[in-house]
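Subject: Structure for you to look at, with notes

Dear colleague,

I am handing over the structure that we discussed, and I would be grateful if you could open it before reading on. My notes come after it.

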Amino acid sequence: MSVTVRVPAKVNVQLAVGAARPDGFHDLANVFLAVGLYDEVTVTPADGLRITCEGPDAAQVPLDRTNLAARAAIALAERRGIEPDVHVHIAKDIPVAGGMAGGSADGAGALLACDRLWGTGASRAELLAICAELGSDVPFSLVGGAALGVGRGERLTALEVGGTFHWVFAMADRGLSTPAVFREFDRLAEGRRIPEPVASAELVAALAKGDAEALAAAVSNDLQPAALSLFPELADTLAAGRGAGALAALVSGSGPTTAFLTRDAESAEKVAGALRASGTCRAVRTAGGPVAGATVV
Ligand code: C5P
């Protein structure tokens, strides 16, 4: 018997970052949108905990207990006083170290899958609490849709979305480490007063209306200067997408995946073609959002 859970990637349409806190984290106003690029996590009973991964980026995925999927299985098993004797297989389509919450998706997916497999009957609230322990973006991977995350990004409020937004994602030829990007943010911020992060009212209204042009005018990412500082070539990718008619071009989360908002599906294909031809990225994908969060299939 096995259980498979499908979990989407995310793009941050707003990522407002506050000053570093004493615990090293940053307070955020983080507006997440789940988009239709998915990892599938399958759990099967086994003699011990084992992680395997398939997909184009599989070689970069750690298969030890640092993998968020392993940590999720262990966290749930510990709470129930059982052994995490499970084989977790990840079919990976979300870019690794890309700023699209691929690792978080696997954590949320493994948690939901193990809960079903073991019949542990965790409530939504308990699942969300475990997700928040695993990482700042993991609760959103569970719930999907669109949401504002505050605190570390883990305290979520669902947001209304009035339509589908069409995106193009350009994958870079190397990853960026999230802690390194936050450290670069701190370095660039030295000596400056960092305002409290707040969600943009214009952005929330644009989401609710399903208005791509208004959303394009409102998107922002405070980590973008830090990501560009560590990975300057991303500026060429952003310029190529803008030049091809994207309504907005931004780094996704801590990067280095770049995200392009387009008017409609047809325009997304055009921007995707231009990005592929530009030679400024490793791979290009289109995806719409919002989509549902972690779902048993
Ligand atoms: O929570 P998560 O494990 O995903 O965070 C990864 C790293 O990103 C943290 O160790 C920290 O360096 C940085 N981070 C942060 N502030 C946040 C979320 C993440 O500084 N709100």
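What follows is an account of what was found, arranged by region.

Please keep in mind throughout that this is a predicted model.

I begin with the domains. The domain assignment divides the chain into domain 1, residues 3-159, and domain 2, residues 165-289, and the C-alpha centres of these domains are 22 Å apart. Their contact involves 29 residues of domain 1 and 36 residues of domain 2. On the side of domain 1 that touches domain 2, the elements β1, β2 (26-45) and β5 (146-150) each contribute at least two residues, and the make-up of that side by class is 21 nonpolar, seven polar and one charged residues.

Next come the annotated positions. An unreviewed UniProt entry gives Lys10 and Asp137 as "active site"; although these positions are spread over 128 residues of sequence, they cluster in space, with a largest C-alpha distance of 9.2 Å. Lys10 belongs to strand β1, residues 3-20, and it counts as buried because 32 other C-beta atoms lie within 10 Å, where 20 or more are needed for that label. Beyond residues up to four places away in sequence, Lys10 touches Phe32, Leu33, Ala34, Val35, Met100, Ala101, Asp137 and Phe140, so that Asp137, its partner in the annotation, is also among its contacts.

Asp137, for its part, is placed in the loop between α3 (124-134) and α4 (138-143), and since it has 30 C-beta neighbours inside 10 Å, it is buried as well. Once neighbours within four places in sequence are left aside, the contacts of Asp137 are Lys10, Ala101, Ser104 and Gly153.

The feature "binding site", again from an unreviewed UniProt entry, is placed at Pro95, Val96, Ala97, Gly98, Gly99, Met100, Ala101, Gly102, Gly103, Ser104 and Ala105. Ala101 lies in the loop between β4 (86-91) and α2, and with 30 other C-beta atoms within 10 Å it is buried. When residues up to four places away in sequence are not counted, Ala101 touches Ala9, Lys10, Asp137 and Ser141, and this list includes Lys10 and Asp137, the positions that carry the "active site" annotation. Gly103, by contrast, is found in helix α2, and it is counted as buried because it has 28 C-beta neighbours inside 10 Å.

Helix α2 itself deserves a short check of its geometry. It runs over residues 102-118, and because each of its 17 residues is taken at 1.5 Å, the expected span is 24 Å, in agreement with the 24 Å that separates its end C-alpha atoms. The helix is mostly covered, as 15 of its 17 residues are buried, and after it comes Gly119, which has a positive phi, near 60°.

What surrounds the ligand? The residues around it are Phe25, His26, Leu28, Gly135, Ser136, Asp137, Arg152, Gly153, Thr178, Pro179 and Phe182, and Asp137, which is one of them, is also one of the "active site" positions in the UniProt entry. At least two residues of this shell come from each of β2 and α5 (178-189), and α5 gives the most, namely three residues. By class, the shell holds four nonpolar, five polar and two charged residues. Domain 1 and domain 2 each provide at least three residues of the shell around the ligand.

Two further items concern the later part of the chain. Arg174 is located in the loop between β7 (165-171) and α5, and it counts as exposed because it has 10 C-beta neighbours inside 10 Å, where the cut-off for that label is 12 or fewer. Arg174 and Thr257 are separated by 83 residues in sequence, while their C-alpha atoms are 9.5 Å apart in space. Finally, UniProt lists residues 204-279 in an unreviewed entry as "domain: GHMP kinase C-terminal"; this span is 58% helix and 14% strand, and its end C-alpha atoms lie 34 Å apart.

With best regards

Notes: Residues numbered from 1 in each chain as written. Predicted model: local features only at pLDDT ≥ 70, side-chain atom pairs only at ≥ 80, totals over all residues. UniProt positions renumbered as here; feature names shortened; annotations may be inferred. Helix = DSSP H or I, 4+ residues; strand = E, 2+ residues; numbered from the N terminus. Contact = placed C-beta atoms within 7 Å. Domains from an automatic or database assignment. Nonpolar A, V, L, I, M, F, W, Y, C, P; charged D, E, K, R; others polar. Expected span 1.5 Å × (residues − 1). Near = placed C-beta within 6 Å.
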